[in-house]
Amino acid sequence: MSETQESLVKEPKSVSSFEGEAFDVAIVGGGLVGAIMALCFDRFGGDAFKTLLVEQGKLDNRGRNPGRAYALSHSSKTLLEMIGVWEAMAAYAQPITEIDITDSALDSPFRPVFLNFSGEIELGKPGAYIIEHEHLAGPIYEALQATSHVQINDHSQIERFEVGSADVDLTIEGQDYQAKLLIGADGRGSFVRQQCGIKVHKSDYNQDGIVVSVALSRPHEGKAVQHFLPSGPFAILPLPGDRASLVWTEKRGL
């Protein structure tokens, strides 16, 4: 066990001596991952299950990522159905019917498709969907705000936590909390990960990415196109209404 991990382990406080609020689970990070996790606990944890969700910014982040789109797998769509939010976003999700992949250079006179995939996992069931951030995030955060089993502490920072044999003690904005489980969903610079001494390996690809939504002059018919270029991937991802999300990767500084 590392010194960092040892510093987080302590003898658990008794329930009677603990003066803060107690929860079954505490989730640090209110982005899409943390928000969906909180909804899962709300839907399947039962009426007595209490969840604490901590977010350092504003919880509703629909406006944070304009132009960004997500590819949702069939299993992700099934999860969103199970927690009751898919119906509100389904009209904004474009099924992928087909995927073309090529790696020829931009100046090549002929750019053959060397791989092609059907977009269906079985007849009539698309294997993936493309949806823009605001249409994905909106129903998720609206559902989260409506639940009575999740306490939301946004504009709040976790200051410390200590792991015991049966619980975790947390201090958030000077207030003490206790949870049976702590989940770190606080992004690439995760405070929870750092305090647990979990190491990561980082690689700089020396690339910049541009994401933009465009209108198309011809119907895309649900086809996604992925070009693997020397400078990085270039993707054309179909959106509803014969629009597309372009994901353009270039060498940094170009």
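This short presentation describes the sheets, the helix packing and the nonpolar cores of one structure.

Good morning. Please keep in mind that the model is predicted.

I shall begin with an open sheet of 6 strands. The strand order is 6-5-15-16-17-14, and the pairing is mixed. Which strands stand at the edges? They are strand 6, residues 115-118, and strand 14, residues 207-215. Each has a single partner strand, so one side of each is left without a neighbour in the sheet. From one strand to the next, the twist averages 15 degrees.

Within this sheet, I would draw your attention to strand 15. Strand 5, residues 98-102, is joined to strand 15 by 5 bridges, and the two run parallel. One residue pair to look for here is D100 with its bridge partner V225 in strand 15. Strand 15 is also joined to strand 16 by 5 bridges, but in this case the strands run antiparallel. V225 appears again here, with I236 of strand 16 as its bridge partner. V225 therefore has bridge partners in both strand 5 and strand 16.

Strands 15 and 16 are connected by a hairpin through 2 residues. Beside that turn, L229 has G232 of strand 16 as its bridge partner. P230 lies in the loop itself, between strand 15 (223-229) and strand 16 (232-239). Is P230 buried or exposed? Its relative accessibility is 68%, and because the cut-off for exposed is over 50%, P230 counts as exposed. P230 and K251 are 21 residues apart in sequence, while their C-alpha atoms are 9.1 Å apart in space.

I turn now to an open sheet of 3 strands. Its order is 3-9-4, with antiparallel pairing. Strand 3 (69-73) and strand 4 (94-95) stand at the edges; with a single partner strand each, they have one side left without a neighbour in the sheet. Strand 3 and strand 9 run antiparallel and are joined by 5 bridges. Within that pairing, S73 stands opposite A128 of strand 9. Helix 3, residues 74-82, packs on the sheet and touches both strand 3 and strand 9. The direction of helix 3 makes about 90 degrees with that of strand 3.

The next topic is the packing of two helices. Helix 2 and helix 5 pack at an angle of about 40 degrees, and their axes are 10 Å apart. That angle makes helix 2 oblique to helix 5. The crossing of helix 2 past helix 5 is left-handed. On the side of helix 2, the contact is made by L32, A35, I36, A38, L39 and R43. Helix 5 contributes H133, L136, A137, I140, Y141, A143 and L144.

Several of these names return in the nonpolar interior. In soluble globular proteins, nonpolar side chains tend to be buried together. Here, the largest nonpolar core has 28 residues, and those with the most contacts inside it are L80, V85, M89, L136, I140 and L144. Two or more residues come from each of strand 1 (21-28), helix 2 (32-44), helix 4 (86-89), strand 9 (128-132) and helix 5 (133-146). Which element gives the most to this core? Helix 2 does, with 7 residues.

I140 is a useful residue to select on the screen. Apart from neighbours within four places in sequence, I140 is in contact with L32, A35, I36, L39, L80, V85 and M89. A second, separate core has 14 residues, among them V28, L52, Y177 and L182.

That concludes the presentation. Thank you.

Technical notes
Residues numbered from 1 in each chain as written. Predicted model: local features only at pLDDT ≥ 70, side-chain atom pairs only at ≥ 80, totals over all residues. Heavy atoms only, no water. Helix = DSSP H or I, 4+ residues; strand = E, 2+ residues; numbered from the N terminus. Buried < 20%, exposed > 50% of the residue type's maximum accessible area, 1.4 Å probe, protein only. Core = buried A, V, L, I, M, F, W, Y, C linked by side-chain atoms within 4.5 Å. Contact = heavy atoms within 4.5 Å. Pairing = 2+ DSSP bridges. Axes fitted to C-alpha atoms, helices over the stretch in contact; angles between N-to-C directions. Parallel < 35°, antiparallel > 145°, perpendicular 65-115°, else oblique. Left-handed = near helix turned anticlockwise from the far one by under 90°.
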